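Grab a coffee and open the viewer. Here are a few short exercises, each with a worked solution to check yourself against.

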2 protein chains.
Amino acid sequence: MTASSDLLSRLAERLGEKHVLTAPTDIAPHLVEWRGLFRGSALAVVRPADTDEVAFVVAACAEAGIAIVAQGGNTGLVGGGVPWGGIVLSLGRLSRIRAVDPLSATITVEAGALLAEVQAAADAQGMLFPLSLPSEGSCTIGGNLATNAGGTGVLAYGNMRDLVLGLEVVLADGRVWNGLSALRKDNAGYDLKHLFVGSEGTLGIITASVLKLYPKPSSRAVGFVGLSSPRTALALFEALRRAAGHDLTAFEYIPRYGLDIVLRHRPALPRPLTGDHAAYALVEMSTTRPGADALGDLEVALAAAIENGFVEDAVICASEAQNLNLWSLRENLSDVQSLEGGSIKHDVSVPLARIADFLDAAIAACEAEMPGLRVCAFGHFGDGNIHFNLSQPVGMEKAAFLKQWGRFNRIVHDIVHGMGGSIAAEHGIGLIKRDELVRYGDPVGLDLMRRLKAALDPHDLLNPGKIVASSPNPPPALPRE
Amino acid sequence: MTASSDLLSRLAERLGEKHVLTAPTDIAPHLVEWRGLFRGSALAVVRPADTDEVAFVVAACAEAGIAIVAQGGNTGLVGGGVPWGGIVLSLGRLSRIRAVDPLSATITVEAGALLAEVQAAADAQGMLFPLSLPSEGSCTIGGNLATNAGGTGVLAYGNMRDLVLGLEVVLADGRVWNGLSALRKDNAGYDLKHLFVGSEGTLGIITASVLKLYPKPSSRAVGFVGLSSPRTALALFEALRRAAGHDLTAFEYIPRYGLDIVLRHRPALPRPLTGDHAAYALVEMSTTRPGADALGDLEVALAAAIENGFVEDAVICASEAQNLNLWSLRENLSDVQSLEGGSIKHDVSVPLARIADFLDAAIAACEAEMPGLRVCAFGHFGDGNIHFNLSQPVGMEKAAFLKQWGRFNRIVHDIVHGMGGSIAAEHGIGLIKRDELVRYGDPVGLDLMRRLKAALDPHDLLNPGKIVASSPNPPPALPRE
């Protein structure tokens, strides 16, 4: 009996045969990154029922020297969940919402709970869990934590890292750290939870968490604004931040090309403004204050911005149905790009004061590099975070275009790095940016990361080859097509 | 020449003689915790001028095997800055504000800058740096970071940890990690800054940071509320949070005994309410919205709370001068306790829903333990954080009372621990709670902390004996009197 078949027998004995999947058709969905950029391999997919079973699996794998990749909804965008041999540990059965406490404003949930379920559980208690992502119906809280997910709620409420109070984590040797604190203030030693948040399953496996809730906004107002340039978008953002403070709950940027392709491929969505503009912003104000008038506040602020010349045109919705339509324009932007052929994608951030400089410089550089290239640079403008995506020129071979991924990475990432920005703003490193991290990361910082990895996972069993690859034979990092 | 005199010569050569202090009178202020609970010893106090000099000092000490304790304003409350041999590294000369960027809403400051100077630099640009502490005129940003300082701004803006975007840190071997990021979103590998924030100088020496700024509130309203019990305080807090959301910027709790001793020892401060109440809350709403009416909002919210029976009496200030007077009542509370004899202090937190349970149980247990004991439990109620202080019975020997420190620790900390709380909410561990951390901490979590310490400071040179003591001969942890 080999070490691996012995391991699988032990796991089947504890978890039950039906929770140790080995048939190729059963495990296939767990091997592939959903956009098809990477396809990995695994001995088995195991589905423990609770924290104790996760601890058992990890301890057994540690004993056998077999690697483990934790998976939630497998909706990641950087190949972080792709296995390269070893075991896929699916957290899907750890899906309980253990407690909702509206008074403490906390919710305690297991790693496999869907983001949408957590939002709904909070909502049922009159509270808000503010993380919001296009994949919220299929991504899991464990994945959100492991990747420090971002999305459209970050401007007012922060990243996933900012929404977590406590964690329960299975360590590389199978021990369980019980850090399920519901405290707003705790300085009892080093902050361990921040080590695991955003570590993409390479330092430990998160099994449960205590998350922050907020009072649910009682009213919101959504507007769609036509702008002449990234620079006027920045001026508008600054004016709205001054006017609204924490009530400014979204500021999303959409270039003209982005709106054009959404309207082309989603004909049911109404065109928000009659004329064309170089750029657009979707802005939202919302508030919990009973007597507040979000609509009136947004009207006053946008009227002032038109007066000051920042804004060419604007519309404010009169109904929640219209609000949802405007949000659909933004939310469809990622999907419709794939209908325009190949896309080369970057997920970058810069200090807010540089965001117009960045857009101007990077768009000019990429357009100069390849005639006919269509830049679709959009996203979380107020966080300094742009999804700097490139649609292939019309008529070009898709595969030939995608072979240029590295070339455009260099152009865009050099500009970002020169402005003190990040090449991995919200999607993480995974496989796809592992070599870019080595290229641009501070060498002392990279050494610290490797030391942390060695201290917490000395045998490199947790998601090996990701973030800071220490495997002797790491999986390849370039996207496949 | 001994190793230590050789080291001091090298340091004097690089820093200049006058920045390597060895005369007993020069170094004395750096050896003592300001409340006199601990007195340490040191070979010298060195005062580097910049990050390069800090790196030189640390590398030279590492080579000589000599320990280093970093000090800012030396205003800590847990003995974390007390040296036990080795070198005190004072960051006072690294006091530059390197940059203020109102558009990115960031400020870049060196570790030795005073908190009050940083607040003023932000204010001069129309921005707010929200950390607020009684010691803000003498504490430094480096110390605030090293201890993850809290204070009265936490409710709306978070702890120091939540206010930092990037750090520059000198590691135990003298290398410099340049993590001075000004980004709101960055998932490029493990989050290193959170390792150092709150680590009390045991993992690295913070030399500079990029901090978040916020739009400056344009109006605020402050109220003082008379309450019948901790439980009605909790009901009031929940009602105000629902009504005001992020506009609720302070909710501080003061027991009747606390108000009594402030008014006794600070006769210039006016009595805010005519009658006596079991407890009081100082509440503040503030906002950046130009047309907002913080005063009107607070009036409506408090009127509803009186209607609902949560509140016995309330006053709302009509002027900023009155606002400052009310805040003085709260800010004088720590100081006046020392005029009532010895105090045994606890800095604890519980999940918010348990805070009334905690106060009821801990007050009853302590009063039962010692007749005449005067409980002064006050503080950041809205964060679940109470400074649970005990004033000695009138007429008791102070020294005899303070000998009971461990006995009351056990009573209070057992109750806190049983409610899922923390024995070190905002002041940290340092020396004074090192043994309590071992007693109450999760064993797996403590092992993780020790592994982090070993990974980042393998020779135990940075502030040895603090937090997780790994020195063979750690300094004593009990307070002296």
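Keep in mind that this is a predicted model.

**Exercise 1.** Work out whether A:His387 is buried or exposed, and find the side chain with which its own side chain makes a polar contact.

*Solution.* Start with the location: A:His387 sits in strand β19, residues 385-391 of chain A. Next, take its relative accessible area, which is 7%. Buried means under 20%, so A:His387 counts as buried. Finally, look for a polar partner: the side chain of A:His387 makes a polar contact with the side chain of A:Asp347 at 3.4 Å. Leaving aside neighbours within four places in sequence, the residues in contact with A:His387 include A:Arg330, A:His346 and A:Glu426.

**Exercise 2.** Describe how domain 2 and domain 3 of chain A meet.

*Solution.* First get the bounds: domain 2 covers 219-334 and domain 3 covers 341-418. Their C-alpha centres lie 23 Å apart. The contact takes 16 residues from domain 2 and 18 residues from domain 3.

Now the area. About 1500 Å² is buried between the two domains, with carbon and sulfur atoms giving 63% of that. On the domain 2 side, A:Leu234, A:Tyr253 and A:Tyr257 lose the most area to domain 3, together 37% of what that side buries.

Last, the charges and polar pairs. There are 2 salt bridges between domain 2 and domain 3, and 7 residue pairs in polar contact. As for who supplies the domain 2 side, α8(A) gives the largest share, 6 residues. That side divides into 10 nonpolar, 2 polar and 4 charged residues.

Key:
Residues are numbered from 1 along each chain as its sequence is written. Chains are lettered from A and ligands numbered from 1 in the order in which they are written. This is a predicted model: local features need pLDDT of at least 70, side-chain atom pairs count only at pLDDT 80 or more; totals for chains, interfaces and linings use all residues. Side-chain values use heavy atoms; hydrogens and water are left out. Helices (H or I, at least four residues) and strands (E, at least two) are DSSP runs, numbered from the N terminus. Buried means under 20% relative accessible area, exposed over 50%, partly exposed in between (1.4 Å probe, protein chains only). A polar contact is a pair of N or O atoms within 3.5 Å; within protein, one must be able to donate a hydrogen and the other to accept it, and residues adjacent in sequence count only if both atoms are side-chain atoms. Contact means heavy atoms within 4.5 Å. Domain bounds come from an automatic or database domain assignment. Buried area is the accessible area (1.4 Å probe) that two parts lose on being put together, summed over both. A salt bridge is a side-chain nitrogen of Lys or Arg within 4 Å of a carboxyl oxygen of Asp or Glu. Ala, Val, Leu, Ile, Met, Phe, Trp, Tyr, Cys and Pro count as nonpolar, Asp, Glu, Lys and Arg as charged, and the others, Gly among them, as polar.
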